[in-house]
Structures are given as C-alpha cells and as structure tokens.
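Got the viewer open? Let's take a walk through the model, one selection at a time.

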Amino acid sequence: MRNAPRDAQATRKETAPRRTLYVICLTILFIAFTCVVTQDALANTPTIRLFPTTVVEDLKQTGNVARDMETGLQEVIGRLDQQQELYIESKCDGADGDAGCQRLARQIGSTYLEMLTIMEERLPDMEHTVNNTRNSLEKGLRNELGRKMTPWTLQETLVGNDASPATVQSAPALRGRSGMRLSERFKQYYTLVATSGAKGDQSLAVLASDIYLDMEETSQLIQRTRQEIARATLMEQLNQSFGIITPEMIEVVGGVKTILFGESDATAIVAGPPPGSLEQAYRSPLEQ
Amino acid sequence: MRTNLIIILAALFLASCASNTPDCSGPQSRNLATAIDEAQGALANGCHAHFDRYYDTLLGAGEGDPKPENKRAFSEFLVWSSDQGLLSTRQAQNYYNRYFNVKFMSLRGDYNNCSHTCPNKQKVLFDMERELSDKERGLLKVSLDNKGYYRADQLYHEVELVLEATCTACAAAR
C-alpha cells in the first residue's frame, strides 16, 4: 500500500515515452496518408503538356531579338519622321525641279534604305525563333488538344472543374494586341507562360492557342516582309538617282511602325458582362 | 329500319371517339407553375407529340416572370417527363443543358478533334452560336443567371479560338 504512489509514478514514467511513440507513429501515418491522397488526386487530374521548356526559352529569345530590332530601328525611324516633316514644311511635295527638295528627298531615301537594311539583317533571326516557337506549340496543340481530346473533353478542359465565372477573370486576355510593341508582346507571352504552372489547364489551352495563332501570323508576315524588302531595296536604289519619295515608301514605314511599335488608338474590344449579377446555387440532376 | 339504327349507332360511336381527342392547344396560363401543371396534364393525356411546342410555351411563360428558381422548375419538369417515358434521359439532359447550362451540347462527340471536329468546324461553330441564343433565353431571360450566360458567351469565344489553333495545327504537316 505504501508503495502505491511510487508504482503509479513508475507506471506514468513508463507510459510517457510510449505515448510519445504513439503520437509520432500516428503523425507519420497521417502524413503518409495525406501524401498518398494528394499524389492520387494529382494523378487523377488531367494535365496537358502544351508548354515544354523549349517554348519558354524560344519566347524569351524572340522577345530579345524583337527588342534589338526595335532599338536599331527606333533611331532610324525617328530620323525618317523628322526628315519627312521637314520635307512637308518646306512645301517640297510636287516641287520636283527644286534642287534643295531633291537633296532632301535623297536623304529620306537613304534613311529609308538604312531602315530596310537593318530589317533585312535582323529578320532572319526573328523568323528563326518565331518559327521554333510556332513549331513546338503546333506539335503540342495537335497531340494534346487535337488527337487526345474529343470536342466534349476540350470543352471540359476550357470550363475547368467548375463553370463559375471566377475562372474567367484569371484567364488570359484573348488576341488583339495591335497596340503593343513587338518585344512587349513577347515579354508578356513569356511572363504568362513562365507563370502558367499555377493556372489551370483551361488557361493554358487558350494561351497556347493564342500564342500559336499569333506566331503563325507573325511568321507569314516576316516571310512577306523579307520578300518585300528585297524588292523595295532595289526600287529605292533606283529612286536614289532621281531623288523621289514614293507613296509606297511612306506606306512601308507606316507598316513597320505599326508592327514594331503598335498603334496607340487600337484598343481590344472586350464584351462586358450583361447587367446585374445574381448568385446561382441550384444544380439540376440533369446538368452535365 | 335496322340499317338506320346501325347508322345512328355508328355515328354515335364516332362522335364519342371525337370527343375523346385530347386538347393539345398548349398551356394557356402565363404563370410558370400553373403552365407546367397544364402541360403535364396534357402531355400525360396523349399530347406528347407536341412536346417541343409545349417546352417553348413554358419558356415563354418563364420569360414573363424571370427568376433563378425557374431553373429548378424546368429541371423538375424534364425529370418528370423522363420518368413518364415521354423523353429519354439523354433527351431530357439535352433539353435542360441546351437552355440552362454553360456547357454546349453541340460539342458532344466521341471522336478526336483532328479527325472529326476540324473537318466540320464551321458547322460546329454555327450550332454553338444557335445554342448560345438558346442559352441567352434560358439562362438570361428565364432564370436571370447573368453570370452563367456571360461564362457561356466567353466559352464560345474560347472554343472558337482554341479550335482555330488546333485545326491549323492538325492541318499543318511540318
């Protein structure tokens, strides 16, 4: 009887480490269970591989090439603008016989040739990186969305797990970036793709499609521009001897400015939501 | 005398048949719940061939008193129609989802996009456009689900973009 408290103390001393062991074991079991469940859930989530690392690198490189081209052209185009302004202010338009005007026209022509040369030098690099990006995306889109998916699964990918409008806000903006510098456009693409891991497949599919179609258009545009440059250079070399400013010259410069530096007045039209906003909670048993 | 009697009896028989023909003019009430009751009565009494017209009339009644609860009313009506054997489950799903769900039933298909959707892309998009106008009626005008309709509209544009890119990629042989 006298030994009873001592026994109890001894028992408590013995059970304490055992309890700790139980707690540790239970914690390990719980962690293991959580890991298994999480991995299982991840394995069940359909993931689409649309952006391999090569695409991300290609986008970055295209952005750099575009920036270099812009930097090179910005100064020349600025000079061309000033010369054109001077030509108009001097009322040279139509004054073909005037020697001063002819000199001015030759200067403009020479700057124009300089612009064409810079473009001719930079465009092959640009074309190469744009085509690489396009080809990688093309392969991904064809395999992942074209061959592995039916129209219904594609729709489900776009809608995501829930069809709530909250997903709309996180989705990337659709096409129509004419008011943006080319390098900015690629920088934005790069940022979107590089941070796309956190977003759902629905954003990725739209983003990949958006970039792919843009690359396709850009590639065709570069191809046409390269052909045009060869022709325009020849024409301008001939014109240099006469000191003529052709309307085509002004048009080409305008086109280059639009492609490279964007148009400030062009804004993407985005459809606004219809008025009112009522929360919907009802789900029909017929809903799919 | 006997011939006359037979003729009279036959006429009476035919007249009795004529009076049993159900009135399938459709629900008259402008109140959705009452209109659904009327429609159910008529459909159960042999007017099932007029289901499409009845559904359209009910949508009209719903437009007259738009509210979020109308979605449930239509769902229950379609489940009832399916239980009564007037519609198959798939038909009931079609009727419901075409008007009251964000997803497009026009995109149903068992074959992959490269082989099936891309060759019929224009038709698929045309069907989706028509379905979007049905969704405008169901989601927006009948059940005031503005967000749902906006999402459907957005989805239509996303599908259009993704299909354009996917089909271009499918067609390219680089």
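## First stop: the end of chain A

Select A:E287, which counts as buried at 18% relative accessibility (buried is under 20% relative accessible area, exposed over 50% and partly exposed in between, using a 1.4 Å probe and protein chains only). Now add A:R283, its salt-bridge partner, with the closest N and O atoms 3.4 Å apart. A salt bridge here is a side-chain nitrogen of Lys or Arg within 4 Å of a carboxyl oxygen of Asp or Glu. In contrast to the buried A:E287, A:R283 is exposed, with a relative accessible area of 60%.

A word on what you are looking at: this is a predicted model, in which local features need pLDDT of at least 70 and side-chain atom pairs count only at pLDDT 80 or more, while totals for chains, interfaces and linings use all residues. Residues are numbered from 1 along each chain as its sequence is written, chains are lettered from A and ligands numbered from 1 in the order in which they are written, and side-chain values use heavy atoms, with hydrogens and water left out.

## Chain A as a whole

Next, show chain A as a cartoon. You'll find eight helices and zero strands (DSSP runs numbered from the N terminus: H or I with at least four residues for helices, E with at least two for strands). Of its 288 residues, 38% count as buried. Among the contacts in chain A with a separation of 6 or more, 87% are between residues 24 or more positions apart; contact means heavy atoms within 4.5 Å.

Switch on the surface: chain A exposes about 17,200 Å², with carbon and sulfur atoms supplying 56%. Accessible areas come from the Shrake-Rupley method with a 1.4 Å probe, and for residues only the protein chains shown count as cover.

Then go to A:K91, in the loop between α2 (53-89) and α3 (99-147) of chain A. Check its backbone: phi is positive, about 55°, although A:K91 is not a glycine. The residue counts as exposed, at 67% relative accessibility.

## Over to chain B

Hide chain A for a moment. Chain B also comes to eight helices and zero strands, and 46% of its 174 residues count as buried. Residues 24 or more positions apart account for 66% of the chain B contacts with a separation of 6 or more. The accessible surface of chain B is about 8,900 Å², and 52% of that belongs to carbon and sulfur atoms.

Pick helix α7 (residues 121-142) of chain B, where B:K123 and B:D127 sit four residues apart, about one turn of the helix. Their side chains meet in a salt bridge (2.8 Å, N to O). B:K123 is exposed at 53% relative accessible area, whereas B:D127 is partly exposed at 22%.

Now select B:R151 and B:E158. They form a salt bridge too, with the closest N and O atoms 3.7 Å apart, and both residues are buried. For a bigger selection, try B:R98, B:E131, B:D134 and B:K135: salt bridges that share partners join them into one network.

One more backbone stop: B:L144, in the loop between α7 and α8 of chain B. Its phi is near 50°, a positive value in a residue other than glycine. B:L144 is partly exposed, with a relative accessible area of 27%.

## Where the chains meet

Bring chain A back. Here 50 residues of chain B are in contact with 48 residues of chain A. The area buried between the two chains is about 4,500 Å², and carbon and sulfur atoms give 63% of it; buried area is the accessible area (1.4 Å probe) that two parts lose on being put together, summed over both.

Which side chains form the salt bridge between B:K103 and its partner in chain A? Select B:K103 and A:E156, which meet at 3.4 Å, N to O. The count between chain B and chain A is one salt bridge.

The elements that give two or more residues to the side of chain B touching chain A are α4 (70-83), α5 (89-100), α6 (113-117) and α8 (146-171) of chain B. Color α8(B) last, as it gives the most, with 20 residues. By class, this side of chain B has 24 nonpolar, 14 polar and 12 charged residues (Ala, Val, Leu, Ile, Met, Phe, Trp, Tyr, Cys and Pro count as nonpolar, Asp, Glu, Lys and Arg as charged, and the others, Gly among them, as polar).
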